[in-house]
Amino acid sequence: MSKLTKNQKLVADKVEAVVKEITTTKFEASVDIDVRLGVDPRKANQMVRGVVSLPNGTGKVTRVLALCTPDQEAAAKEAGADYVGLDEYIDKIKGGWTDVDVIITMPSCMGKLGPLGRILGPRGLMPNPKSGTVTMDVAKAVKEVKQGKIDFKVDKTGIVHTSIGKVTFTADQIFENAKEFIATIIKLKPAAAKGTYMKSIFLSSTMSKGIKVDPKSVE
């Protein structure tokens, strides 16, 4: 990550100060970013979805379930997976257990996850090759998620929403994460998108009002 310019540093300091000022929760609140895009998510050729590895992580503990074959279990555990197995966890999920943040699996195991779509889909937990959560290298995927790799996609209103850190992060850390996230969204601009692509950016902390940020300040 390149060093912040003087103007970018001023923006980062302002953002951090305001975010912390409006945070009223007694727990360590997250810093969220909402980006409104000039796309029509109803059209397949204007869908924006991707993954990004935040340079400073998200600041939160991500609970990872690795659904894999026995030969991959040891590596997945060593990489930091909180839960590792296959059939026993599939049975738990069928029973209603979804106490995880990310599920990573292998292509050969996807057939067993198909019937779980109605449970995992609405919760955003269904593994997907596009997000890197269906892979032959389960251990690598687990490690990346633990280090701050996140999956995002535009919602039906044209907004991309995610957390990029905690209010305890420094101004530089918040700014660097935001800059990386925005850069990734820019790279994913659909060819079919016309007019202004990045319409607005808002930062907020948990349960706070949003702060408008000039999109050009983080480009």
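Two strands are taken to pair if DSSP finds at least two bridges between them. The strands themselves (E, at least two residues) and the helices (H or I, at least four residues) are DSSP runs, numbered from the N terminus. In this sense Leu 67 has Thr 105 in β5 as its bridge partner. The model is predicted, so local features need pLDDT of at least 70 and side-chain atom pairs count only at pLDDT 80 or more, while totals for chains, interfaces and linings use all residues. Residues are numbered from 1 along each chain as its sequence is written, and side-chain values use heavy atoms, with hydrogens and water left out.

The protein chain has seven helices and nine strands. Of its 219 residues, 49% are buried, where buried means under 20% relative accessible area, exposed over 50%, and partly exposed in between (1.4 Å probe, protein chains only). A contact is a pair of residues with heavy atoms within 4.5 Å. Among contacts between residues at least 6 apart in sequence, 74% join residues at least 24 apart.

One open sheet has three strands in the order β4-β3-β5, with parallel pairing. Its edge strands are β4 (83-85) and β5, each of which pairs on one side only. The twist from one strand to the next averages 15 degrees. Strand β3 (residues 64-67) is joined to β5 by four bridges in the parallel sense, and Ala 66 stands opposite Ile 104 in β5. Side chains of β5 are split between two directions: Val 102 and Ile 104 point one way, Ile 103 and Thr 105 the other way, and all are buried.

Two helices lie across this sheet. Angles here run from 0 to 180 degrees between N-to-C directions, and axes are lines fitted to C-alpha atoms, for helices over the stretch in contact. Helix α3 (residues 87-94) lies across β3, β4 and β5, at about 115 degrees to β4. Helix α6 lies across β3 and β5 and runs at about 160 degrees to β5.

A second open sheet has four strands in the order β7-β1-β8-β9, with antiparallel pairing. Here the edge strands are β7 and β9 (211-213), each pairing on one side only. Neighbouring strands of this sheet are turned against each other by 25 degrees on average, direction ignored. Helix α7 (residues 171-187) packs on the sheet and touches β1 (30-37), β7 and β8, its direction making about 25 degrees with that of β1.

The pairings in this sheet can be followed strand by strand. Seven bridges join β1 to β7, which run antiparallel, and Ser 30 stands opposite Lys 166 in β7. Because six of the eight residues of β7 are buried, this strand is largely enclosed by the rest of the structure. On the other side of the order, β8 and β9 pair in the antiparallel sense over three bridges, with Leu 203 opposite Ile 211 in β9. Strand β8 (residues 198-205) also holds Ser 200. Ser 200 is buried, with a relative accessible area of 11%. Not counting residues up to four places away in sequence, Ser 200 touches Asp 34, Val 35 and Arg 36.

Val 52 is found in strand β2. This residue is buried, with a relative accessible area of 2%. Leaving aside neighbours within four places in sequence, Val 52 is in contact with Gly 148, Lys 149, Ile 150, Phe 152, Glu 180, Phe 181 and Thr 184. Val 52 and Glu 144 are 92 residues apart in sequence and 9.9 Å apart in space, C-alpha to C-alpha.

The last topic is the open space. Rolling a probe the size of a water molecule over the atoms shows where empty space is left. A pocket is an open set of points on a 1 Å grid over the protein atoms alone, where a 1.4 Å probe fits, with protein on both sides within 12 Å along at least five of seven lines; lining residues have an atom within 4 Å of a point. Grid points are joined across faces, edges and corners, and a volume is the space filled by probe spheres set on the points. The largest pocket has a volume of about 830 Å³. Its lining has 33 residues, of which Asp 101, Val 102, Gly 124, Ile 150 and Asp 151 lie nearest the centre. At least two lining residues each come from β2 (49-53), β5 (102-105), α6 (138-146), β6 (149-153) and β7 (159-166). Strand β6 gives the most, with five residues. By class, the lining of the largest pocket has 13 nonpolar, 11 polar and nine charged residues, counting Ala, Val, Leu, Ile, Met, Phe, Trp, Tyr, Cys and Pro as nonpolar, Asp, Glu, Lys and Arg as charged, and the others, Gly among them, as polar.
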